[in-house]
Amino acid sequence: GRNGKGIYVRVHSKSWKKFKSRLKELSSRKRCQSIKPSLEKIKVYARGWLNYYGIASMKNNIDDINGWLYHRIRMCIWKQWKKPRTKYKNLVKLGIPEHYAATIANSRRKYWYISNNKAVIWALNKERLINSGFYDLATAYQSVHVNYWKRRIPNGTYGAVRGRRLATAFYSIDADNFICIPYRSEINHKYVFHFTDTFQSKTHK
């Protein structure tokens with residue numbers, strides 16, 4: 001796409017739906033019988049996805065999904081605590097006042113509602129969840145995205161593998177700098193063009 005700051009790469013809506021659907025599956029209450037293995041699976045999947053799509057401009061979308069995923073993980077932990085007595089003890093242990101912990105622990109509200117309670121959010125805050133193995137999407141995306149733009153593609157490193165041309169998109173930044181990325185239909189914007197159709201590709205055959 002293009003905006004006031006220039007050209008940018010974006011992720012197709014279908015890829016977003018697949019990403020969120022998979023995260024929802026990995027963080028479902030049925031799957032999260034043990035939270036640490038679930039967090040590790042989420043980390044492996046999300047890290048691979050971000051490494052592939054990290055070049056795209058998607059900070060707002062990533063922040064939205066990150067907040068939603070934190071909510072789902074809190075929901076899973078709340079369900080794992082099961083009994084009101086266990087919920088009460090864990091909340092007090094995490095610093096919630098006893099009278100408030102008792103009210104929340106004995107609530108008949110559903111898991112999704114209670115996991116968005118201010119006291120539960122404070123008890124299971126981002127820092128504690130990250131220390132337990134949560135993969136923070138916003139932090140990871142920022143790191144991957146910055147590293148993408150720091151890379152330079154040396155002359156002659158693109159072209160062919162075993163005599164075959166690569167399915168590659170060639171993204172022009174300015175007269176001297178280009179980004180070479182694997183071409184997939186999910187990367188949709190009219191300012192990315194096939195590498196084999198450029199003047200630079202013809203001079204590096």
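Does Lys 82 count as buried or exposed, and at what relative accessibility? In this predicted model, Lys 82 has a relative accessibility of 63% and therefore counts as exposed, since the cut-off for that class is over 50%. The residue sits in the loop that runs between helix 3 (59-81) and helix 4 (84-93). Lys 82 also belongs to a positive surface patch, whose other members are Lys 83, Arg 85 and Lys 89.

The backbone of Lys 82 deserves a look as well. Its phi is positive, at about 55°, although Lys 82 is not a glycine. For orientation, most residues other than glycine have a negative phi. A reader tracing the chain will meet this positive phi in the loop between helix 3 and helix 4.

From the charged surface, the description turns to the aromatic residues. The structure holds eight aromatic pairs. In one of them, the ring centres of Phe 19 and Trp 49 are 4.0 Å apart and the planes meet at 15°, so this pair is stacked. Phe 19 comes from helix 1 (residues 13-26) and Trp 49 from helix 2 (residues 35-53), so the two rings tie together parts of the chain that are 30 residues apart in sequence. Both Phe 19 and Trp 49 are buried. The two residues also take part in a wider arrangement, a cluster in which ring pairs link Trp 16, Phe 19, Tyr 45, Trp 49, Tyr 52 and Tyr 53.

Charged side chains come next. As a general point, side chains of opposite charge can pair when their charged atoms come close. The count for this model is two salt bridges. One joins Arg 22 to Glu 25, with 3.1 Å between the closest N and O atoms. These partners both belong to helix 1, where they are three residues apart, or about one turn of the helix. Arg 22 has a relative accessibility of 31% and so counts as partly exposed. Glu 25, at 36%, is likewise partly exposed.

The other bridge brings together the side chains of Lys 59 and Asp 63, at 3.0 Å from N to O. Here the partners both lie in helix 3, four residues apart, which again is about one turn of the helix. Lys 59 is partly exposed, given its relative accessible area of 47%. Asp 63 is partly exposed too, with a value of 30%.

Two further residues show where parts of the chain that are separated in sequence meet in space. Leu 129 is placed in helix 8 (residues 126-131). With a relative accessible area of 4%, Leu 129 is buried, because the cut-off for that class is under 20%. Its C-alpha atom is 8.8 Å from that of Arg 74, a residue 55 positions away along the chain.

Ile 96, in turn, is found in the loop between helix 4 and helix 5 (98-105). Although part of a loop, Ile 96 counts as buried at 6% relative accessibility. The C-alpha atoms of Ile 96 and Val 120 are separated by 8.5 Å, with their positions 24 residues apart along the chain. Two loop residues can thus be set side by side: Ile 96 is buried, whereas Lys 82 is exposed.

Definitions and conventions:
Residues are numbered from 1 along each chain as its sequence is written. This is a predicted model: local features need pLDDT of at least 70, side-chain atom pairs count only at pLDDT 80 or more; totals for chains, interfaces and linings use all residues. Side-chain values use heavy atoms; hydrogens and water are left out. Patches are made of residues with over 30% relative accessible area and no salt bridge: like charges are joined within 9 Å, nonpolar side chains (Val, Leu, Ile, Met, Phe, Trp, Tyr) within 5 Å. Accessible areas come from the Shrake-Rupley method with a 1.4 Å probe; for residues, only the protein chains shown count as cover. A salt bridge is a side-chain nitrogen of Lys or Arg within 4 Å of a carboxyl oxygen of Asp or Glu. Lys and Arg count as positive and Asp and Glu as negative; His and the chain ends are not counted. The place of a charge is taken as NZ of Lys, CZ of Arg, CG of Asp or CD of Glu. Helices (H or I, at least four residues) and strands (E, at least two) are DSSP runs, numbered from the N terminus. Buried means under 20% relative accessible area, exposed over 50%, partly exposed in between (1.4 Å probe, protein chains only). Rings of Phe, Tyr and Trp (its six-membered ring) pair if their centres lie within 6.5 Å; planes under 30 degrees apart count as stacked, over 60 as edge-to-face and the rest as tilted.
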